[in-house]
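Subject: Structure handover

Hello,

Here is the structure I promised to pass on. Please open it first, then read the notes below.

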Amino acid sequence: MYTLISATPSPYARKVRIALIEKGIPFTLQTEVPWHGTTATPAYNPLEKLPVLVQPDGTGIYESRFILEWLEVKHPTPRLLPDDAEQILAARQVEVIADGVCDAVVLLFFERLRQEPSAEWIARQRRKVEGGVRALAERAGDGFLVGGRFGLADIAAGTALRYLAVRFPEFDWAGQYPSLAAMSARLEARPSFAATVPVPQTITEKVV
């Protein structure tokens with residue numbers, strides 16, 4: 001059985017958890033605060049980042065995009081990528097946008113922890129978040145994002161949107177983009193999403 005080393009608010013780890021559940025792959029969840037000195041992350045990932053999927057032999061697979069690619073190769077059924085090449089590219093583009101939103105939110109979160117946060121840096125990250133969400137809204141409709149069936153694009157977009165409620169709640173993206181809010185609600189109703197709702201963690205060790 002696999003072990004997934006995860007952090008409760010992490011949208012990157014949530015993507016992998018959702019994929020494992022959707023594919024019906026059994027795994028053990030190991031929850032950690034990756035910023036604490038007690039984390040096991042460095043033993044499996046030289047970059048010291050979560051999530052890490054630990055194989056039964058103790059080998060770590062890391063970086064969420066690569067883990068999802070690895071799962072598609074090792075556990076191809078059901079597929080999370082479309083069959084059509086153009087649609088695969090479209091799904092990957094959504095993943096890039098969604099991950100970019102999450103990256104900017106992480107940078108924003110830690111900048112705010114500094115004694116003297118940079119207003120310019122914060123403004124730059126906010127623009128990235130707002131631009132990324134706008135790009136997702138342009139793709140949102142009444143169904144799934146790509147190819148007419150649930151897949152990678154929906155996982156990436158859905159986890160990014162819910163992460164905003166954890167780390168950037170003052171951004172009322174749902175009020176600005178009702179169609180995107182409706183899409184998010186549909187995704188959050190899925191069992192794989194409902195079982196992986198992100199919650200904040202308390203960081204007790206100094207990181208900035």
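Helices here are DSSP runs of H or I with at least four residues, numbered from the N terminus. By that count, Glu188 sits in helix 8, which covers residues 178-188. I come back to Glu188 below. One caution before the rest: this is a predicted model.

**Overall build**

The protein has 9 helices and 4 strands. Along the sequence they run β-α-β-α-β-β-α-α-α-α-α-α-α. The C-alpha atoms fill a box of roughly 50 × 45 × 25 Å along the principal axes.

How does the radius of gyration compare with that of a compact globule? For 208 residues, such a globule would have a value near 17 Å. The protein has 17 Å, so the two agree.

Buried residues make up 47% of the 208. Now take the contacts with a separation of 6 or more. Of these, 71% are between residues 24 or more positions apart.

**The largest pocket**

The largest pocket holds about 710 Å³ of space. Its lining has 31 residues. Tyr12, Trp35, Lys49, Leu50 and Val106 lie nearest its centre.

Which element gives the largest share of this lining? Helix 4 does, with 6 residues. Several helices supply at least two residues each: helix 1, helix 2 (41-44), helix 3 (64-74), helix 4 (85-113) and helix 6 (152-167). By type, the lining divides into 17 nonpolar, 7 polar and 7 charged residues.

**The cavities**

There are 2 cavities of 30 Å³ or more.

The largest cavity has a volume of about 60 Å³. Its lining consists of Leu80, Leu81, Pro82, Ala91, Val146, Arg149, Phe150, Gly151, Leu152, Ala153 and Asp154. Helix 6 gives the most to this lining, with 3 residues. The split is 8 nonpolar, 1 polar and 2 charged.

The second largest cavity has a volume of about 40 Å³. Leu68, Glu72, Leu80, Leu81, Arg92, Leu152 and Ile155 line the second largest cavity. Helix 3 and helix 6 each supply at least two of these residues. Here 5 are nonpolar, none polar and 2 charged.

**Three residues to look at**

*Lys15.* Start in helix 1, residues 11-22, where Lys15 is found. Is Lys15 buried or exposed? Its relative accessibility is 1%, so Lys15 counts as buried. The side chain of Lys15 has a partner: a polar contact of 3.0 Å joins it to the side chain of Asp99. Which residues further along the sequence does Lys15 contact? Beyond four places in sequence, they are Ser64, Arg65, Leu68, Glu95, Asp99, Ile155, Ala156 and Thr159. Two of these names have come up already: Leu68 and Ile155 also line the second largest cavity.

*Leu108.* This residue belongs to helix 4. Leu108 is buried, because its relative accessible area is 1% and the cut-off is under 20%. Setting aside residues up to four places away, Leu108 touches Ile122, Gln125, Arg126 and Phe168. How far is Leu108 from Leu20? The two are 88 residues apart in sequence. In space, their C-alpha atoms are 29 Å apart.

*Glu188.* Back to helix 8, where Glu188 is placed. Glu188 has a relative accessible area of 14%. Buried means under 20%, so Glu188 is buried. Its side chain makes a polar contact of 3.2 Å with the side chain of Arg162. Arg162 is also among the residues that Glu188 touches. The others are Arg14, Gly158, Phe193 and Ala194, again leaving out residues up to four places away in sequence.

**Where to begin**

Try the pocket first, with Trp35 and the other residues nearest its centre. Then turn to the two cavities. Finish with the side-chain pairs: Lys15 with Asp99, and Glu188 with Arg162.

Best wishes

Terms used:
Residues are numbered from 1 along each chain as its sequence is written. This is a predicted model: local features need pLDDT of at least 70, side-chain atom pairs count only at pLDDT 80 or more; totals for chains, interfaces and linings use all residues. Side-chain values use heavy atoms; hydrogens and water are left out. Buried means under 20% relative accessible area, exposed over 50%, partly exposed in between (1.4 Å probe, protein chains only). A polar contact is a pair of N or O atoms within 3.5 Å; within protein, one must be able to donate a hydrogen and the other to accept it, and residues adjacent in sequence count only if both atoms are side-chain atoms. Contact means heavy atoms within 4.5 Å. On a 1 Å grid over the protein atoms alone, a cavity is a set of points where a 1.4 Å probe fits but cannot get out, and a pocket is an open set with protein on both sides within 12 Å along at least five of seven lines; lining residues have an atom within 4 Å of a point. Grid points are joined across faces, edges and corners, and a volume is the space filled by probe spheres set on the points. Ala, Val, Leu, Ile, Met, Phe, Trp, Tyr, Cys and Pro count as nonpolar, Asp, Glu, Lys and Arg as charged, and the others, Gly among them, as polar. The radius of gyration is taken over C-alpha atoms; the globule rule is 2.2 Å times the number of residues to the power 0.38.
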